[in-house]
Amino acid sequence: MTAQKAPVPVPVLEAVGVTRHFDVSGTLGRTQVVRAVENANLTLHRGEIVALVGESGSGKTTLARLLALFHPVTDGEIRLEGNVVRPRTKAARAYHSSVQMIFQDPFGSLNSMRRVRHNIERALKLHGHAATSKAERRQQVLQLLEKVNLTPAEHFIDKLPHELSGGQRQRVVIARALAVRPSVLLGDEPISMLDVSIRLDMLNLLARLRDEDGLSLLYITHDIASARYLADRVCVMYAGQLVESGPTEEVIQHPKHPYTRLLLESSPDPERLMNPELGSAFDRTASPGEPPSLVNPPPGCRFHPRCPSARDECRQAFPGRTEFPSGQWTHCWLHGSEG
Ligand SMILES: Nc1ncnc2c1ncn2[C@@H]1O[C@H](COP(=O)(O)OP(=O)(O)OP(=O)(O)O)[C@@H](O)[C@H]1O
């Protein structure tokens, strides 16, 4: 009897060949094109935490916003459970119940004039999950607050956002996202504005939501140490292009792309996550050179002007994808990729 291969599960969320260009007015009123994301392929499976890392301006937020359907794609597809979804369609409404985005600034995400109860109840109502009686709705809100460790929940339910600390506010934002009963959270630097002393608690909360509820999380960060702590898989983005991905420890121990190596060399050890004195080394990276302009990016591999191993083909064409037995893949001519 021939052994049957287990079917590969369909990703919960997927970007397939996704490109996003922005038209901006340049000098003398001429329109310029910012090539913010180019042909990105990213998958997120059920119960998986994927970190998207890269320098400022590399396109991480744009890719997350494309996945959240906040922007239309210029090219490519966003798929939920294998189905293509486009903004402002009927399917997009259901999509917003499944995919919730959490931003860096929890204060900006909440209605500052309304109490915690109102902020969360509104999400329950908008997505058709609110109980009919007031007492039951209060109970729903209390349970959500407990879920994000805001206990005793009675103490928090009638607070206004400005009466909470940054960490407490971000927990309310997460509770509100959970009210929608999503399968995916897109966290755009969700801990970077929080006090260093509570960042680890927040990462542990996100990990618990994955473990208990099977939530999938795309965790966008500058900070390799927190990505290492939290993520199953890492995707590395440089100047709008995904250049490497793989299981977190493989990428960290055996990076394949020279940019990943540069990122790791300039990144902190995991101790930094817990030590406020040290901060994030990636924020103050001493990497040689600057990321390129996305209006006129270098041809070929966009990293070649900074790459110590650049060769002729790197300047001419973006390499194809090379896959490794470790589960990693990279786009790099050093690994003999065809363009
Ligand atoms: N709405 C927009 N209009 C024009 N250009 C944009 C727009 N949104 C993003 N960009 C440009 O796209 C590029 C990628 O930006 P993006 O914010 O996605 O990067 P990032 O990796 O998330 O950076 P950071 O870590 O600083 O948030 C930048 O050059 C940015 O200026």
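Which elements each supply at least two residues of the shell around the ligand? They are β1 (13–25), β2 (31–44) and α1 (60–67). The structure shown above is a predicted model. This briefing treats the ligand shell, an open sheet of eight strands, two buried residues in that sheet, Val50 and Met101, and the helix α5 (residues 134–147).

**The shell around the ligand**

- The ligand is surrounded by 13 residues, and the closest are Phe22, Ala36, Ser56, Thr61 and Thr62.
- Helix α1 gives the largest share of this shell, with three residues.
- By chemical character, the shell around the ligand consists of seven polar residues, five nonpolar residues and one charged residue.

**The open sheet**

- Eight strands form an open sheet in the order β6-β7-β8-β3-β9-β10-β12-β11, and their pairing is mixed.
- The edges are taken by β6 and β11 (322–323); each has a single partner strand, so one side of each is left without a neighbour in the sheet.
- As background, the strands of a sheet pair through backbone hydrogen bonds, in either a parallel or an antiparallel manner.

**Strand β6 and Met101**

- Strand β6 (residues 99–102) runs parallel to strand β7 (residues 184–188), and four bridges join the two.
- Within this pair, Val99 of β6 is placed opposite Val184 of β7.
- In a regular strand, side chains alternate between the two faces of the sheet.
- Both faces of β6 are covered: Val99 and Met101 are buried on one side, and Gln100 and Ile102 are buried on the other.
- Met101 counts as buried because 24 other C-beta atoms lie within 10 Å, and the cut-off for this class is 20 or more.
- Residues up to four places away in sequence aside, Met101 touches Ala64, Ala68, Leu186 and Asp188.
- Met101 and Leu185 are 84 residues apart along the chain, yet their C-alpha atoms are separated by 5.7 Å.

**Strand β3 and Val50**

- Val50 belongs to strand β3 (residues 49–53).
- Strand β3 pairs with strand β9 (residues 233–238) in the parallel sense, over four bridges.
- In this pairing, Val50 stands opposite Arg233 of β9.
- The C-alpha atoms of Val50 and Arg233 are separated by 4.8 Å, although the two residues are 183 residues apart along the chain.
- Val50 is classed as buried because it has 23 C-beta neighbours inside 10 Å.
- When neighbours within four places in sequence are left aside, the contacts of Val50 are Leu44, Leu218, Tyr219, Ala231, Asp232, Arg233 and Cys235.

**Helix α5**

- Helix α5 has 14 residues, which at 1.5 Å a residue should span 20 Å; the end C-alpha atoms are 20 Å apart, so the expectation and the model agree.
- The buried residues of α5 are Val141, Leu144, Leu145 and Lys147.
- These buried residues lie on the same side of α5, because they cover an arc of only 160° around the axis.
- An α-helix has 3.6 residues a turn, so residues three or four places apart point the same way.
- Ala135 and Glu136, on the other side of α5, are exposed.
- The cover over the buried residues of α5 includes α4 (116–126), α6 (153–156) and α7 (166–179).
- Just after α5, Asn149 adopts a positive phi of about 65°.

Notes. Residues are numbered from 1 along each chain as its sequence is written. This is a predicted model: local features need pLDDT of at least 70, side-chain atom pairs count only at pLDDT 80 or more; totals for chains, interfaces and linings use all residues. A residue is buried if 20 or more other C-beta atoms lie within 10 Å of its own, exposed if 12 or fewer, and partly exposed in between; C-beta atoms are placed from the backbone. Two residues are in contact if their C-beta atoms, placed from the backbone, lie within 7 Å. Two strands pair if DSSP finds at least two bridges between them. A residue is near a molecule or strand if its C-beta atom, placed from the backbone, lies within 6 Å of it. Ala, Val, Leu, Ile, Met, Phe, Trp, Tyr, Cys and Pro count as nonpolar, Asp, Glu, Lys and Arg as charged, and the others, Gly among them, as polar. The expected span of a helix is 1.5 Å times one less than its number of residues. The arc is that of the directions from the helix axis to the C-beta atoms.
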